[in-house]
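Me: Please justify the terms used for this structure, setting each value against its definition.

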Amino acid sequence: MKRFTTRKTAQLGLLFALAMGLSFLEMQITPLLGLAPGVKPGLANVVVMYSMVSMGAFSGLVLTLLKAGFVLMVQGPMAAVLSLCGGLCALGAMVLVHKLKGTDFMLAVTGAVLHNAGQLAALSFLFIQSGYTFYYAPVLLISGLCMGTLTSWLLKHMRTRMKKWDS
C-alpha cells in the first residue's frame, strides 16, 4: 500500500476538487458545443494526467477511482462504469507512455483515445446482444485525437503554472 505524506494527501484532495469542478463545468458546456453524443473535452482528465506525471501512477489511480465515484453519485451507475473503464484504460496507457518518456502530446492523445476505447469495450460487454457499438469507434477515434490535442495543451499550461507546487 502506497503511503502519502500529509502534503501529498492535501494536494491529491485539491486535485480531486479541481477535477470535480472541471467535470461539472464540462457537463454544462458540452451541450453548448454541439459535439457528437458521448464526445466530451476531457477537462477532468487533465488533472489525472497532471497527478500521474507529478505525483506518480498511484495518485493517478486514486483520482481515477474517485472520479468514477463522483460520476456514480452525479450521473448514475452506467456513467460510472463507463468512467471507470475508460479511466483505467487511459491511465494504463498513459503510465506506459510516461515511462517511455513520451511528450505531453503523446500522453494526452493516447489517454483520450484509450479512454474512448475502454468505454466502447465496456459498452460492448454490457450490451453483448448489440454488435453495433463499434460502428461509433471512428467518431470516438477522431474526437480522441482532437480532444487529446486540447488536453495536451491544457496539461502543458497546468504544468507550467504549478511548478512551485511540485517542489
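**Helix 4 and the terms behind it**

Me: Which residues of helix 4 are buried?
Reply: Ala-80, Leu-82, Ser-83, Gly-86, Gly-87, Ala-90, Leu-91, Ala-93, Met-94, Val-95 and Val-97 are the buried residues of helix 4. Buried denotes a relative accessible area under 20%, exposed one over 50%, and partly exposed a value in between, with a 1.4 Å probe and protein chains only. The model is predicted: local features require pLDDT of at least 70 and side-chain atom pairs pLDDT 80 or more, whereas totals for chains, interfaces and linings use all residues. Residues are numbered from 1 along each chain as its sequence is written, and side-chain values use heavy atoms, with hydrogens and water left out.

Me: What do the buried residues of helix 4 pack against?
Reply: They pack against helix 2, helix 3 and helix 5. Contact here requires heavy atoms within 4.5 Å. The helices themselves are DSSP runs (H or I, at least four residues; strands are E, at least two), numbered from the N terminus.

Me: How do you know that the length of helix 4 agrees with its number of residues?
Reply: The expected span is 1.5 Å times one less than the number of residues. For the 23 residues of helix 4 (residues 77-99) this gives 33 Å, and the end C-alpha atoms are 33 Å apart, so the two agree.

Me: What does UniProt place at residues 78-98?
Reply: The unreviewed UniProt entry places a "transmembrane region" there, and others at residues 12-35, 47-66 and 134-155. Such positions are in the numbering used here, with shortened feature names, and annotations may be inferred rather than shown by experiment. In the model, residues 78-98 are 100% helix and 0% strand, with end C-alpha atoms 30 Å apart. Residues 12-35 are 92% helix and 0% strand, with a separation of 31 Å between the end C-alpha atoms.

**Lys-101**

Me: What makes the phi of Lys-101 worth a remark?
Reply: Most residues other than glycine have a negative phi. Lys-101 has a positive phi, near 65°, and is not a glycine. Lys-101 follows helix 4 and lies in the loop between helix 4 and helix 5.

Me: Why is Lys-101 called exposed?
Reply: Its relative accessibility is 72%. That value lies over the limit set for exposed residues, so Lys-101 counts as exposed.

**Helix 2 and Ser-59**

Me: Why is helix 2 described as largely enclosed by the rest of the structure?
Reply: Eleven of its 13 residues are buried, so the description follows. Among them are Leu-43, Val-47, Tyr-50 and Met-55. Its 13 residues (residues 43-55) should span 18 Å, and the end C-alpha atoms are 19 Å apart, which agrees. Just after helix 2, Gly-56 takes a positive phi of about 110°.

Me: Why does Ser-59 count as buried?
Reply: Ser-59 has 0% relative accessibility, so it meets the criterion for a buried residue. Ser-59 lies in helix 3 (residues 57-75). Leaving aside neighbours within four places in sequence, Ser-59 is in contact with Phe-4, Leu-12, Ser-51 and Met-52.

Me: What does the side chain of Ser-59 reach?
Reply: The side chain of Ser-59 reaches the backbone oxygen of Gly-56 at 2.8 Å.

**Salt bridge and cysteines**

Me: What makes the pairing of Arg-159 and Asp-104 a salt bridge?
Reply: A salt bridge is a side-chain nitrogen of Lys or Arg within 4 Å of a carboxyl oxygen of Asp or Glu. The side chains of Arg-159 and Asp-104 meet at 2.5 Å, N to O, and so satisfy this limit. Arg-159 lies in helix 6 and Asp-104 in helix 5 (residues 104-126), so the pair ties together parts 55 residues apart in sequence. The structure holds one salt bridge. Arg-159 is partly exposed, at 31% relative accessibility.

Me: How do you know that Cys-85 is in no disulfide?
Reply: A disulfide is a pair of cysteine sulfur atoms within 2.5 Å. A search of the whole structure finds zero disulfides. For Cys-85, the nearest cysteine sulfur, that of Cys-89, is 6.8 Å away. Cys-85 is partly exposed, with a relative accessible area of 28%.

**Met-162**

Me: Why is Met-162 called buried?
Reply: Met-162 has a relative accessible area of 17%, so it falls under the limit for buried residues. Met-162 is found in the loop between helix 6 (137-161) and helix 7 (163-166). Met-162 and Ser-54 are 108 residues apart in sequence, and their C-alpha atoms are 9.8 Å apart in space.

How values were computed. Polar contact = N/O pair within 3.5 Å; in protein donor to acceptor, adjacent residues only side chain to side chain.
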